[in-house]
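Biologist: Thanks for sitting down with me. Could you show me the model, and then let me ask about its packing and its charged side chains?

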Amino acid sequence: MLLAGGLVLIQAVPYGRDHTNPPVMVEPATWDAPVTRQLAVRACFDCHSNETAWPWYSHIAPMSWFVQRDVDEGREELNFSQWQREQEEADKAAETVRDGSMPPRQYLLSHSAARLTDAQLADLARGFAATLGDDD
C-alpha cells in the first residue's frame with residue numbers, strides 16, 4: 001500500500017514529462033552511405049536527434065525521469081538534428097560504437113530495433129568514421 005501510494009505521489013513531479021521534439025534544423029551534410037543513416041536512425045536517433053520516439057513508459061515516473069535525462073544528455077552530447085551547431089563529440093561516435101558503449105545496454109533491453117548485428121555495428125562505426133570523422 002505504501003509503495004503504491006509512493007508511485008502515485010511521484011507522478012506529481014513535473015520532470016520527465018516535457019517530451020518535446022524540436023524541429024529538425026540540419027542533419028550532417030553528407031552521409032557516407034544511406035545505410036549509415038538508416039542504422040543511426042535505428043540505434044541512435046531516439047537519444048541523439050530531435051526525432052525521439054517517446055515510449056509509453058516515458059510518461060510514468062520514475063522511468064520518465066531516466067528517459068528524459070538520457071535524451072537530454074544525448075542531444076547535448078551529439079544531436080544529428082542540429083548540425084548547424086558545433087558537434088564536439090561527433091568524431092567520437094565511431095569509437096563509442098566500436099567499444100560497445102553505444103547504443104547502451106539498458107536502451108537495447110526495450111528497443112529491439114536498435115539491436116544491431118556485429119556486421120551492422122561494424123558498418124555503423126565505419127560509416128560514422130567516414131561521415132563524422134574518427135577520434136581514433
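What follows is a short conversation about this model.

Biologist: What should I know about the model before we start?
Modeller: It is a predicted model, where local features need pLDDT of at least 70 and side-chain atom pairs count only at pLDDT 80 or more, while totals for chains, interfaces and linings use all residues. Residues are numbered from 1 along each chain as its sequence is written, and side-chain values use heavy atoms, with hydrogens and water left out.

Biologist: Happy with that. Which helix supplies the largest share of the largest nonpolar core?
Modeller: A nonpolar core is a set of buried Ala, Val, Leu, Ile, Met, Phe, Trp, Tyr and Cys residues joined through side-chain atoms within 4.5 Å; buried means under 20% relative accessible area, exposed over 50% and partly exposed in between (1.4 Å probe, protein chains only). The core has 20 residues, and those touching the most other members are Trp 31, Ala 40, Cys 44, Phe 80, Leu 124, Phe 128 and Leu 132. At least two residues come from each of α2 (34-43), α5 (93-98), α6 (105-110) and α7 (118-132), where helices (H or I, at least four residues) and strands (E, at least two) are DSSP runs, numbered from the N terminus. The largest share, four residues, is supplied by α7.

Biologist: Which residues does Leu 124 touch, beyond those up to four places away in sequence?
Modeller: Contact here means heavy atoms within 4.5 Å. Leu 124 is among the core residues that touch the most other members. Its partners are Thr 36, Leu 39, Ala 40, Cys 44, Val 97 and Leu 116.

Biologist: Now for the charges. How many salt bridges are there?
Modeller: Side chains of opposite charge can pair when their charged atoms come close. The rule asks for a side-chain nitrogen of Lys or Arg within 4 Å of a carboxyl oxygen of Asp or Glu. By that rule, the count is six.

Biologist: Which parts does the salt bridge between Glu 27 and Arg 37 tie together?
Modeller: The two side chains meet at 2.7 Å, N to O. Glu 27 is buried at 18% relative accessible area, whereas Arg 37 is partly exposed at 29%. The partners are 10 residues apart in sequence, so the pair ties together the loop between α1 (2-10) and α2, and helix α2.

Biologist: And which residues share a salt-bridge network with Arg 98?
Modeller: Arg 98 in helix α5 pairs with Asp 134 in the segment after α7, so parts 36 residues apart in sequence are tied together. The N to O distance in that pair is 2.9 Å. Salt bridges with shared partners join Arg 98 into one network with Glu 95 and Asp 134.

Biologist: What is the nearest side chain of opposite charge to Arg 75?
Modeller: Arg 75 sits in helix α4 (residues 63-77). Its side chain makes a polar contact with the side chain of Asn 21 at 2.8 Å (a pair of N or O atoms within 3.5 Å; within protein, one must be able to donate a hydrogen and the other to accept it, and residues adjacent in sequence count only if both atoms are side-chain atoms). That side chain also reaches the backbone oxygen of Ser 49 at 2.8 Å. Arg 75 is buried yet has no salt bridge, and with Lys and Arg counted as positive, Asp and Glu as negative, and His and the chain ends not counted, the nearest opposite charge, 5.4 Å away, is Asp 72.
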